Amino acid sequence: MTKYLIHGGKPLHGTIEISGAKNAAVAIIPAALLVDGKCRIENVPQISDVTLILQILQDLGADVRAVNRTTVEIDCSHIRNKPVPYELARKIRASYYLVGALLGRFGRAQVPPPGGCNLGGRPIDQHIKGFIAMGAEVEVHSGLIDARMPGGRLSGGQVYLDMVSVGATMNIMLAAALADGLTIIENAAKEPHIVDLANFLNSMGANIMGAGTDVIKVRGVKSLRGGSYSIIPDQIEAGTYMAAVAAAGGEVLIQNVIPKHLDSITAKLLEMGVDVEELDDAVLVRRTGPISRANVKTMPYPGFPTDMQPQIAACLCLARGTSVLTEGVWESRYRYVDEFRRMGAKIQVDGKVAVIEGVEQLTGAPVHACDLRAGAAMIVAGLAARGDTEIGGIYHIERGYENIVEKLSSVGADIQILYQPDDETQSQAG
Ligand code: EPZ
């Protein structure tokens with residue numbers, strides 16, 4: 001099993017360039033299924049989740065061409081409507097976007113239920129509620145979500161989401177883009193990638209209003225045309241490197257970000273005694289003094305992101321005093337805690353709440369990444385720890401972080417890949 005080996009305790013200095021946003025890319029690429037013509041998509045992160053979603057499109061008959069390292073052209077003019085292969089769909093959570101996109105394009109989608117990081121239950125009832133509101137019939141049988149619209153074209157509908165769901169908001173937007181009439185999504189999610197998907201679809205001729213607010217209106221259009229679009233920078237990748245500097249110390253310029261998207265992370269780090277200076281498209285993060293304790297509660301955007309919860313926990317393990325961390329989005333996202341304890345962290349978990357008593361020093365240990373952000377947090381902890389940390393399960397990390405070893409090495413981290421035969425490839429995606 002290939003692992004990362006980190007010799008911790010070295011402060012970080014230099015510049016890191018942020019890649020395109022994973023959770024925008026995994027929705028925008030399926031959105032190309034709705035477009036008659038060629039989509040040129042720029043700032044695409046080179047991560048395994050993107051590779052998988054592109055493979056699924058190719059399997060459906062899309063013509064996919066890499067223009068350069070971060071630009072891809074996708075032409076879905078000649079795609080076939082057929083069931084999405086189980087072997088591909090089960091590896092990536094975002095395969096649920098194929099339901100909305102194929103239903104919108106063909107009036108029929110057959111997609112295996114998605115896999116996903118184990119964060120507790122991950123239902124998709126709100127997605128289905130949205131499709132039904134647009135006239136679709138949805139059944140789950142023979143290992144497939146089978147959604148069909150009698151007559152082919154969905155009709156606009158109104159849906160109130162029972163909880164703020166990123167996936168349901170985007171999936172309903174995808175299905176509604178080519179529907180007959182107006183679809184209204186109430187209690188919609190407001191994450192930057194929701195706005196990015198709307199901007200992508202609008203640049204191809206869709207008519208979506210209100211993305212970024214809690215009411216989104218999609219007036220269906222007859223067809224979408226090809227065009228060119230650049231994906232936003234990854235808020236969580238940037239936040240992860242900000243946490244790495246906070247934990248390990250040093251000074252790093254994190255470039256190609258939209259500082260506004262980082263507001264909740266910046267505010268929390270400032271409260272913890274970390275300097276964060278916002279520039280036009282960069283943040284300068286510096287930590288020289290001690291880390292102060294803080295309470296953190298994760299919430300939908302613009303709240304503190306759940307996808308930064310394990311990484312901020314790594315920093316709080318080293319804070320002066322006791323911090324309280326509350327998970328406000330997922331049922332459970334503390335599977336990493338046992339691994340942190342191996343490194344000397346003092347954490348007690350009760351349901352959605354973790355109480356973290358800061359320690360003077362973490363010590364390196366062999367640990368296993370149990371999901372994507374947990375793996376990222378183990379890197380953050382390993383960079384700050386004394387001694388060697390060996391992280392297994394790194395396929396989780398590579399699903400969502402482009403060149404993380406190279407990026408960290410370039411700012412002075414002592415991190416390397418230990419290549420070993422019999423690599424695990426059973427990724428389950430988030
Ligand atoms: C997206 O998952 C992200 N994944 C997750 O990122 C992220 O943690 C999450 O949004 C919240 O920000 C992708 O974009 C691929 P939700 P998603 O629907 O869309 C409940 C990462 O690390 N819910 O917003 O699946 C659900 O159980 C990953 O990059 C229902 O009950 O999340 C959860 O408690 C991990 N029924 C809450 O809503 C539904 O139909 C929010 O889930 C849908 C969701």
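This passage walks through a predicted model of a protein, from its overall build down to a few single residues.

Start with the whole thing. The protein has 430 residues, and 58% of them count as buried. Its fold is built with 14 helices and 23 strands. Lined up along the principal axes, the C-alpha atoms fill a box of roughly 65 × 45 × 40 Å. A compact globule with 430 residues would have a radius of gyration near 22 Å, and the protein's value of 21 Å agrees with that. Contacts also reach a long way along the chain: among those between residues at least 6 apart in sequence, 74% join residues at least 24 apart.

Next, the inside. The largest nonpolar core has 82 residues, and Ile 41, Ile 74 and Leu 201 are the ones with the most contacts inside it. Apart from this core lies another one, of 76 residues, which includes Ile 6, Ala 313, Met 343 and Val 405. Leu 201 is worth a second look. Leaving aside residues up to four places away in sequence, Leu 201 touches Ala 31, Leu 34, Met 173, Leu 174, Ala 206, Ile 208 and Leu 224.

Leu 201 is also one of the buried residues of helix H7, along with Pro 192, His 193, Ile 194, Asp 196, Leu 197, Ala 198 and Phe 200. Helix H7 runs over residues 192-203, twelve residues in total. From first C-alpha to last, H7 reaches 16 Å, close to the 16 Å expected at 1.5 Å a residue. Just after H7 comes Gly 205, with a positive phi of about 110 degrees.

Ala 31, one of the residues that Leu 201 touches, belongs to helix H1, where it is buried. Helix H1 covers residues 22-31, and ten of its ten residues are buried, so the helix is largely enclosed by the rest of the structure. Among the buried residues of H1 are not just Val 26, Ile 28 and Ile 29 but also Lys 22 and Asn 23.

Two buried residues show what such surroundings look like up close. Val 84 sits in the loop between strand S5 (71-75) and helix H3 (86-89). With a relative accessible area of 3%, Val 84 falls under the 20% limit, so it counts as buried. Not counting residues up to four places away in sequence, it touches Ile 56, Ala 89, Leu 98, Leu 102, Gln 110, Val 111 and Pro 112. The C-alpha atoms of Val 84 and Ala 109 are separated by 8.5 Å, while the two residues are 25 apart along the chain.

Ser 323 is the other example, found in strand S18 (residues 322-326). At 1% relative accessibility, Ser 323 counts as buried. Its side chain reaches the backbone nitrogen of Ala 294 at 3.2 Å. Ser 323 also touches Arg 293, Asn 295, Leu 316, Ala 354, Val 355 and Ile 356, as well as Ala 294 itself, with residues up to four places away in sequence left out.

Now for the charges. Side chains of opposite charge can pair when their charged atoms come close. A search of the whole structure turns up 22 salt bridges. One of them brings together the side chains of Glu 87 and Arg 90, at 3.3 Å from N to O. Glu 87 is partly exposed at 44% relative accessibility, whereas Arg 90, at 15%, is buried.

Another pairs Asp 162 with Lys 129, the closest N and O atoms being 2.9 Å apart. Asp 162 lies in the loop between strand S9 (158-160) and helix H6 (166-176), and Lys 129 lies in helix H5 (residues 125-133), so this pair ties together parts that are 33 residues apart in sequence. Lys 129 counts as partly exposed, at 29% relative accessibility.

The salt bridge between Glu 339 and Arg 342 has its closest N and O atoms 3.3 Å apart. Both residues lie in helix H11 (residues 337-342), three residues apart, which is about one turn of the helix. Glu 339 is buried, with 10% relative accessibility. Elsewhere, salt bridges that share partners link Lys 38, Arg 40, Glu 42, Arg 65 and Glu 73 into one network.

Conventions. Residues are numbered from 1 along each chain as its sequence is written. This is a predicted model: local features need pLDDT of at least 70, side-chain atom pairs count only at pLDDT 80 or more; totals for chains, interfaces and linings use all residues. Side-chain values use heavy atoms; hydrogens and water are left out. Helices (H or I, at least four residues) and strands (E, at least two) are DSSP runs, numbered from the N terminus. Buried means under 20% relative accessible area, exposed over 50%, partly exposed in between (1.4 Å probe, protein chains only). Contact means heavy atoms within 4.5 Å. A nonpolar core is a set of buried Ala, Val, Leu, Ile, Met, Phe, Trp, Tyr and Cys residues joined through side-chain atoms within 4.5 Å. A salt bridge is a side-chain nitrogen of Lys or Arg within 4 Å of a carboxyl oxygen of Asp or Glu. The expected span of a helix is 1.5 Å times one less than its number of residues. A polar contact is a pair of N or O atoms within 3.5 Å; within protein, one must be able to donate a hydrogen and the other to accept it, and residues adjacent in sequence count only if both atoms are side-chain atoms. The radius of gyration is taken over C-alpha atoms; the globule rule is 2.2 Å times the number of residues to the power 0.38.
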